Amino acid sequence: MKSYQDPGIVKKLGKKITDLASQIGGKKVKICHVCGTHEYTISHWGIRSLLPSNVEVIAGPGCPVCVCPNSDIEQAIWLAKNGYTLATFGDMSRVPSNQGSLLTARAEGAAIQIVYSFLDVIRLAKKNPSTQYVFFSIGFETTAPMVAIELINNRIPSNVSILSSHRLVPPAMKLLLEQPDIQVDGFIAPGHVSAITGYGLYEPISQEHQIPIVVVGFEPADVMFGVLEVLQQLIHNQPRTENLYTRVVSHKGNLKALEAINTAYSVVDSQWRGIGMVPKSGLELAETYAEYNIRLKEEIPVSGGSDIPKGCRCADVILGKIYPRDCGLFNKKCTPENPVGPCMVGNEGTCSIHAKYGGYFSIDEDIESED
Ligand code: SF4
């Protein structure tokens, strides 16, 4: 048993959090995380059942396939039906759009290849030089370097293009703080994104919004330490950025990866599913690499329809306004096997995680919600 998973340590941290929370009177504290893996840790290990009733941890926009807009998926489907082989990750292939998912498109004959990494695409393209491949490149700061490094080192074959749908985490955090109807008293920041960006990136946000931002890892004790740190900062009125994931994250981050991102991409305003346009929140290929940008090679039509399916409340789930169980379709019409909305897909979607592991405040409450 790893010490970060030790139930005794985690329970002791729960007791400390409860003691601290009693010092803030009746005030409800809402701590937001922005990472599907953190939601997995919290739900899988029953973290919410260890927290006092006035401390809530909510899930923000931390699932890359969930925030990928309908328009980008429609573009991917169009390409796969019009002469290209569209390569992407398994989770992405199941996300619904107004034109169905990539998997349903494949069932209708579209050329879609599931890959584990961009390197798979390069290997396939070298093996099949007469096939035109498009890599649907999604994810946050963690996955963006993958394509960037290959571009910079000139290792991408001429029969590979990129459909970039990368998003950046800090602009989404800022957006949450600027929403008048969303209460966020502190952030738990994602350890893996921070390993690339460095925790220094959050310091201006902490200062401007006077809010605690605590970088933590993905074990249950990591998350509990993060909650404890946010509460301590609130009680002492000393909001700042703090790095508790020192075994992985540094102040400046991974300088090679950051340099690759800054060289290969331009930061652009981007659409987030359920949120809308977020300024300077996405990555598009830089002009230097225009020859690989499929959006510059093809005029790709999109329907322009609604981003969220009828009845689906993913927009509210992504913004941490509701829990999945508050959606009328949750675990009824919408299940991990048959997802209606993007949040029910994959290992990082909040609805999918809650459908598999619960994720609420106590066992009693979970049973009640199923009645
Ligand atoms: S349960 Fe399904 S329909 Fe409801 S918000 Fe989640 S993904 Fe959307």
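Begin by selecting helix 2, residues 36-44, where Gly36, His38, Glu39, Thr41, Ile42 and Ser43 are buried. The structure on screen is a predicted model. Keep the helix highlighted and display the elements that cover its buried residues, which include strand 1 (29-33), strand 2 (55-59), strand 7 (186-190), helix 12 (220-235) and helix 16 (350-357). Then step past the end of helix 2 to Gly46, a residue with a positive phi, near 65°.

**The parallel sheet**

Strands 1, 2 and 7, already on display, lead to the next selection. Add strands 8 and 9 to obtain an open sheet of five strands with parallel pairing, in the order 2-1-7-8-9. Which strands stand at the edges? They are strand 2 and strand 9 (241-243); each has a single partner strand, so one side of each is left without a neighbour in the sheet. Viewed across the sheet, neighbouring strands are turned against each other by 25° on average, direction ignored.

Within this sheet, select strand 7 together with strand 8, residues 213-216. Four bridges link strand 7 and strand 8 in the parallel sense. Zoom in on Phe187 and find Ile213 of strand 8 opposite.

**Two loop residues with positive phi**

From strand 8, move back along the chain to Gln210, in the loop that connects helix 11 (203-209) with strand 8. Gln210 has a phi near 50°, a positive value in a residue other than glycine. For context, most residues other than glycine have a negative phi. Is Gln210 buried or exposed? Gln210 counts as exposed because it has 12 C-beta neighbours inside 10 Å, and the cut-off for that class is 12 or fewer.

Next select Asn237, located in the loop between helix 12 and strand 9. Asn237 is not a glycine either, yet its phi is positive, about 50°. With 7 other C-beta atoms within 10 Å, Asn237 is exposed.

**The domains and the mixed sheet**

Now colour the chain by its domain assignment: domain 1 (3-60 + 170-190 + 199-243), domain 2 (65-167 + 253-297) and domain 3 (314-365). A distance drawn between the C-alpha centres of domain 1 and domain 2 comes to 32 Å.

Turn to the second sheet of the tour. Six strands form an open sheet with mixed pairing, in the order 4-3-5-6-11-10. Its edge strands are strand 4 (112-114) and strand 10 (265-272), each of which pairs on one side only. From one strand to the next, the twist averages 25°.

At one end of that order, select strand 3 (residues 85-88) and strand 4, which run parallel and are joined by three bridges. Which residue of strand 4 is the bridge partner of Thr88? It is Ile114.

**Ser101 and its surroundings**

Proceed to Ser101, in the loop between helix 5 (90-93) and helix 6 (102-107). Ser101 is buried because 21 other C-beta atoms lie within 10 Å; the cut-off for that class is 20 or more. Beyond its neighbours within four places in sequence, Ser101 is in contact with Ser93, Arg94, Val95 and Pro96. Add Ile73 to the selection: 28 residues separate Ile73 from Ser101 along the chain, and their C-alpha atoms are 7.6 Å apart.

**The ligand**

Finish at the ligand and show the 15 residues around it, of which Cys312, Cys327, Cys334, Gly341 and Cys351 come nearest. Coloured by class, the shell around the ligand shows 13 nonpolar residues, one polar and one charged.

How values were computed: Residues are numbered from 1 along each chain as its sequence is written. This is a predicted model: local features need pLDDT of at least 70, side-chain atom pairs count only at pLDDT 80 or more; totals for chains, interfaces and linings use all residues. Two strands pair if DSSP finds at least two bridges between them. Axes are lines fitted to C-alpha atoms, for helices over the stretch in contact, and angles run from 0 to 180 degrees between N-to-C directions. A residue is near a molecule or strand if its C-beta atom, placed from the backbone, lies within 6 Å of it. Ala, Val, Leu, Ile, Met, Phe, Trp, Tyr, Cys and Pro count as nonpolar, Asp, Glu, Lys and Arg as charged, and the others, Gly among them, as polar. Domain bounds come from an automatic or database domain assignment. Two residues are in contact if their C-beta atoms, placed from the backbone, lie within 7 Å.
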